[in-house]
Amino acid sequence: MGLFGKPKSATAEAAPATVVAQGSGWTAGRGFGQKAVTGALLAAVVCGPVGLALGFMNGQPRPAAAQVQIAEGISTHQQSAGEYGAAFVAAWLSATREAPGNLTDYIDKSAVGQLSPDPWVYRDLSLVSVEPIEDSTLVSVVVAANIEEFDMASESGAMIWPRRYFAVTVNVTDAGMAVVGLPAPIAAPTRETTPVKLPYKEQVDTTSAARGTVEAFLGAYLAGSGDIDRYLTPGVEISAITPAPYMNLTVLDVTSDVEASDTPATGAVLHVLAVLEVTSASGQQLTTTYTLTLTARDGRWETTSVDLTPLESAAAGSAVPTPTPSR
């Protein structure tokens with residue numbers, strides 16, 4: 001049998017998703033040579049088509065360590081490939097020759113002797129992307145995790161947790177799925193340096209009616225301050241976060257796409273960008289931004305939606321704000 005064994009049904013432990021990606025390339029840490037997959041194991045990958053074919057016969061996707069976002073144009077099987085690839089990376093990082101764990105769900109047991117004697121310690125493993133290869137049964141999966149490594153730039157030999165990215169290829173058919181090769185460390189996604197232009201150019205005064213609506217709504221939404229329905233457009237359903245995650249909330253700045261009238265005509269629409277500071281019951285602080293759509297009714301502003309993405313200006317406008325971090 002080749003490297004690729006028969007996938008087994010199992011339940012993988014979910015790992016928390018990450019939101020911070022450090023734009024660094026792969027760095028070899030101390031002990032890399034001891035932990036790296038050897039050439040013999042890589043040679044076994046080349047000999048894997050037979051095992052791959054056999055794995056398809058009874059293959060079932062196993063749950064992954066990260067949730068998969070539903071993407072338009074990607075089939076259910078291809079979505080499952082993302083979960084499958086993420087679980088494979090988790091098993092690959094933690095496997096050792098003495099304790100291969102779940103890795104034998106994906107590769108042949110004959111390759112276990114070529115594994116590292118020590119596991120790679122990781123946390124916050126998450127799925128980054130799922131991209132089907134055109135005119136092929138192959139799916140390219142990218143997974144990220146924070147890996148414990150020695151800081152090679154420090155003379156103290158301190159441990160650090162850089163964000164690392166791994167590419168995995170998964171072959172998907174109606175009969176099942178199997179990995180093709182081993183995970184490959186790749187560079188982090190490139191950070192876009194050109195700012196997005198936003199239309200929120202009008203300052204909303206601290207004493208204006210629109211500012212009052214924004215403050216009252218966000219207070220109810222995030223801090224449980226009052227009945228949120230009082231600040232909503234009739235027919236709109238927005239649920240407050242429960243239990244309320246923050247004890248205090250301060251709106252630092254509000255801007256809008258058009259001038260915010262204190263006597264708006266019914267049906268007028270205002271898009272706002274709010275910068276706020278929230279504080280937990282234990283005193284922890286965060287600075288965050290919200291984009292909201294307000295609609296006027298009977299001379300007052302009401303909240304119509306919490307916009308998950310801001311408006312983008314067709315012409316030159318203001319760039320995404322960079323709030324001063326909370327202390």
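**Figure 1. Asp298 sits in a loop and is exposed.** In this predicted model, Asp298 has a relative accessible area of 56%, so the residue counts as exposed, the cut-off being over 50%. Look for Asp298 in the loop between β12 (residues 285–297) and β13 (residues 300–307). The backbone is worth a glance too: phi of Asp298 is near 55°, a positive value in a residue other than glycine.

**Figure 2. Asp124 also has a positive phi.** The value here is about 55°, and Asp124 is not a glycine. Asp124 is found in strand β1, a strand that covers residues 122–132. Is Asp124 buried, partly exposed or exposed? With a relative accessible area of 26%, Asp124 is partly exposed. Asp124 is also one of the residues that Ala144 touches, which leads to the following view.

**Figure 3. Ala144 in strand β2 is buried.** Strand β2 runs over residues 138–147 and holds Ala144. The relative accessibility of Ala144 is 1%, so the residue counts as buried. Which residues does Ala144 touch, not counting those up to four places away in sequence? They are Asp124, Leu125, Ser126, Val128, Arg163, Arg164 and Tyr165. For Arg164, the C-alpha atom lies 5.6 Å from that of Ala144, although 20 residues separate the two in sequence.

**Figure 4. Arg123 meets the ring of Trp161.** Zoom in on these two side chains and you will find the charged end of Arg123 over the ring of Trp161. The distance to the ring centre is 3.9 Å.

**Figure 5. Tyr84, Phe88 and Tyr106 form one aromatic cluster.** The whole structure contains five aromatic pairs. In one of them, the rings of Tyr84 and Tyr106 have centres 5.1 Å apart and planes at 70°, so this pair is edge-to-face. Tyr84 belongs to helix α4 (residues 76–94), while Tyr106 is in the loop between α4 and β1, and the pair thus links parts of the chain 22 residues apart. Tyr106 also pairs with Phe88, and here the geometry is tilted: 5.3 Å centre to centre, with 45° between the planes. Because Phe88 lies in helix α4 and Tyr106 in the loop between α4 and β1, this pair ties together parts that are 18 residues apart in sequence. Are these aromatic residues buried or exposed? Tyr84 and Tyr106 are both buried. Phe88 counts as buried at 0% relative accessibility, and the value for Tyr106 is 0% as well.

**Figure 6. Helix α4 is mostly covered.** Of the 19 residues in α4, 15 are buried. End to end, from its first C-alpha to its last, α4 reaches 28 Å, close to the 27 Å expected at 1.5 Å a residue. As a guide for tracing the faces of a helix, there are 3.6 residues a turn in an α-helix, so residues three or four places apart point the same way.

**Figure 7. The largest nonpolar core has 34 residues.** Phe88, Leu93, Leu103, Tyr106, Leu125 and Val170 touch the most other members of this core. Where do its residues come from? At least two come from each of α4, β1, β2, β5 (residues 163–173) and β6 (residues 176–179). Helix α4 gives the largest share, 10 residues. For a close look at one member, centre on Val170: leaving aside neighbours within four places in sequence, Val170 is in contact with residues including Ala81, Tyr84, Gly85, Val139, Val141 and Met177. A second, separate core has 25 residues, among them Ala220, Tyr221, Tyr231 and Leu270.

**Figure 8. Arg211 in helix α5 is buried.** Helix α5 spans residues 209–223 and includes Arg211. At 5% relative accessibility, Arg211 counts as buried, since the cut-off is under 20%. Not counting residues up to four places away in sequence, Arg211 touches Val204, Asp205, Thr206, Val251, Leu252, Asp253 and Val254. The C-alpha atom of Ala274, 63 residues away along the chain, is separated from that of Arg211 by 9.2 Å.

**Figure 9. A cis peptide bond joins Thr242 to Pro243.** Omega for this bond is near -10°. Pro243 itself is in the loop between α5 and β10 (residues 248–256).

**Figure 10. Confidence along the chain.** The mean pLDDT of the protein chain is 80, and 74% of its residues reach 70 or more. Please take care with residues 1–71: their pLDDT is below 50, although this stretch has 154 contacts in the model beyond near neighbours in sequence.

Key. Residues are numbered from 1 along each chain as its sequence is written. Side-chain values use heavy atoms; hydrogens and water are left out. Rings of Phe, Tyr and Trp (its six-membered ring) pair if their centres lie within 6.5 Å; planes under 30 degrees apart count as stacked, over 60 as edge-to-face and the rest as tilted. Helices (H or I, at least four residues) and strands (E, at least two) are DSSP runs, numbered from the N terminus. Buried means under 20% relative accessible area, exposed over 50%, partly exposed in between (1.4 Å probe, protein chains only). A charge sits over a ring if NZ of Lys or CZ of Arg is within 6 Å of the ring centre and within 35 degrees of the ring normal. pLDDT is the predictor's confidence in each residue, from 0 to 100. Contact means heavy atoms within 4.5 Å. The expected span of a helix is 1.5 Å times one less than its number of residues. A nonpolar core is a set of buried Ala, Val, Leu, Ile, Met, Phe, Trp, Tyr and Cys residues joined through side-chain atoms within 4.5 Å.
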